[in-house]
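Work through the exercises below with the coordinates open. Each task is followed by a solution in steps.

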Amino acid sequence: HGKAFTWYMENGHLSNALTHAIAANDLNRLVQLIEKYAFTIFDQNKASTFLNWLNTIPEAVMGSNPWLYIARAWLLAYLGQLEEIEPLLIEAEKHADQSNHRLMGYISAMWTLMGELRSVRVDGLLHATRAFELLPPDEYRARAFVGYHMSNILAWRGDILPALKALEMTTTWSLVAGDLEMAVTAQFEKASILHALGKLGESLQAFKSTFQMVDSDYPDKRNRSLPMGFAYLQLSSLYLEWNNTSEALRLAKEGIHICRWWGYQDYLYNGLLKLADVFLAIGDKDGALSTIREAKDVFCNNPTSSSVQGQEAVINLARGDLESASAWAACCDLSPNDDIDFFHRFIYLYYASILQEQGNLWEASGVLERLGNILEQAGAITLLLETLSQRIIILSKMSEDEQALSLLQHALD
């Protein structure tokens, strides 16, 4: 196993090198691999096996190798076990040589990821800035990792143009590092943001050009790589916007199949949310409810879990179960007078739907008005149109015809 490790390491087959380091029970070789290649070796479908092996290492040994804490934290994030990550990063910082800028840069990179996952409790943008300051200029792969997760944080805050800029940097760094998977993921994320901006044709073209890049460089990966699973899920939403429900359903199922194969919980969770939307659009309300409940089981600690509960409430509403929907609205800690931020945009859209069905039209209209202002400021045209349409219907029901027509003209513009 030691000889195999050396050969695979020298020839760039990092996943195989990792396998033989574990088989040899050789901690020194494992630390060497992690320290030199960091996140690179984890981009494989072996996360659970590696994590189980790391969990057998005594804490005394872990403390002398802060890179092992970073490895465990990354794998836990990959597998969706979020609660255990922060203590590991704290331990990594405690045992790290503070003068080792590269090591501290990787710790800050992981804190950036936690800022995305935790959103409020950790300032991911602050850690991203620190990671860029600490990481060596030629650590392109790590910089791409930070740039990608920073772009997600910016997009969730509604800072969409800076998010697009971060994705462009991520793509550039990834290509320099030879990391096609991250470059492709960043481009698919860009296509998704273009969809949110209402630029559906540009979004489709971005998907197609990225597919061509994959087919050109890695023709055997079209239906096997994790980024393709992500792409199919995002593309499903695009076709659903065009009311092409058959294609939306096919793409969502294909994306979920790939994500299941890789075991990547985050994409699988979001994919199930998208599939529930498709089921609801085609009238399969039971299928939508079953899918949304599976999503809750897959990733119960996801920071958007309150949003998935709201989506479940809207599905119950569509099924005629106003009681269950109202029960969620009563205990979700939302109020018609809340200050709404971009991150919670979906949950307030669901909340407004339930207020509307309860007959609380003024309250629903007020929520949608404030939500629409936030969306318009961010340039999130696709969701803005949905919000405006819903409010126009409410205003019409309230016999506020002049305001409804004015808002309809604004939506058409």
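The structure is a predicted model.

**Exercise 1. Classify both side chains of the salt bridge between Lys94 and Glu91 as buried, partly exposed or exposed.**

Solution.
1. Lys94 has a relative accessibility of 56%. Exposed means over 50%, so Lys94 counts as exposed.
2. Glu91 has a relative accessible area of 23%, so this residue is partly exposed.
3. The distance from N to O in this salt bridge is 3.1 Å.
4. Both residues belong to helix H7 (residues 85-95), where they sit three residues apart, about one turn of the helix.

**Exercise 2. Which helices does the salt bridge between Lys296 and Glu312 link?**

Solution.
1. The side chains of Lys296 and Glu312 meet at 2.7 Å, N to O.
2. Lys296 lies in helix H17 (residues 285-298) and Glu312 in helix H18 (residues 305-318), so by position the pair, 16 residues apart, links distant parts of the chain.
3. At a relative accessible area of 29%, Lys296 is partly exposed.
4. Buried means under 20% relative accessible area; Glu312 has 12% and is therefore buried.

**Exercise 3. Where in the chain are the partners Glu369 and Arg391, and is each buried or partly exposed?**

Solution.
1. A salt bridge of 3.7 Å, N to O, joins the side chains of Glu369 and Arg391.
2. Glu369 is in helix H21 and Arg391 in helix H22 (residues 381-397); the two are 22 residues apart and link distant parts of the chain.
3. Glu369 is partly exposed at 40% relative accessibility, whereas Arg391, with a relative accessible area of 7%, is buried.
4. As for networks, salt bridges with shared partners join Arg293, Lys296 and Glu312 into one.
5. The structure holds 11 salt bridges.

**Exercise 4. Check the length of helix H11 (residues 160-177) against its expected span, and state what its buried residues pack against.**

Solution.
1. The helix has 18 residues. The expected span is 1.5 Å times one less than the number of residues, which gives 26 Å for H11.
2. The end C-alpha atoms of H11 are 26 Å apart, so the two values agree.
3. Buried residues of H11 include Ile160, Leu164, Leu167 and Trp173.
4. The buried residues of H11 pack against helices H9 (124-134), H10 (140-157), H12 (180-196) and H21 (361-378).
5. Just after H11, Gly178 has a positive phi of about 75 degrees.

**Exercise 5. Which residues have the most contacts inside the largest nonpolar core?**

Solution.
1. This core has 149 residues, and its largest share, 12 residues, comes from helix H6 (residues 66-79).
2. The residues with the most contacts inside the core are Leu54, Trp328 and Tyr351.
3. Not counting residues up to four places away in sequence, Leu54 touches Leu30, Leu68, Ala71, Arg72 and Leu75.

**Exercise 6. Compare the surroundings of Leu280, Ser192 and Leu405.**

Solution.
1. Leu280, in helix H16 (residues 265-281), has a relative accessible area of 26% and is partly exposed.
2. Beyond four places in sequence, Leu280 touches Lys285, Ala288, Ile315 and Ala318.
3. The C-alpha atoms of Leu280 and Arg319 are separated by 9.6 Å, with their positions 39 residues apart along the chain.
4. Ser192, in helix H12, is buried at 14%. Leaving aside neighbours within four places, Ser192 contacts Phe207 and Gln234.
5. Leu405, in helix H23 (residues 401-412), counts as exposed at 58% relative accessibility.
6. Leu405, Leu408 and Leu412 make a nonpolar surface patch of about 320 Å².

Definitions and conventions: Residues are numbered from 1 along each chain as its sequence is written. This is a predicted model: local features need pLDDT of at least 70, side-chain atom pairs count only at pLDDT 80 or more; totals for chains, interfaces and linings use all residues. Side-chain values use heavy atoms; hydrogens and water are left out. A nonpolar core is a set of buried Ala, Val, Leu, Ile, Met, Phe, Trp, Tyr and Cys residues joined through side-chain atoms within 4.5 Å. Buried means under 20% relative accessible area, exposed over 50%, partly exposed in between (1.4 Å probe, protein chains only). Helices (H or I, at least four residues) and strands (E, at least two) are DSSP runs, numbered from the N terminus. Contact means heavy atoms within 4.5 Å. Patches are made of residues with over 30% relative accessible area and no salt bridge: like charges are joined within 9 Å, nonpolar side chains (Val, Leu, Ile, Met, Phe, Trp, Tyr) within 5 Å. Accessible areas come from the Shrake-Rupley method with a 1.4 Å probe; for residues, only the protein chains shown count as cover. A salt bridge is a side-chain nitrogen of Lys or Arg within 4 Å of a carboxyl oxygen of Asp or Glu.
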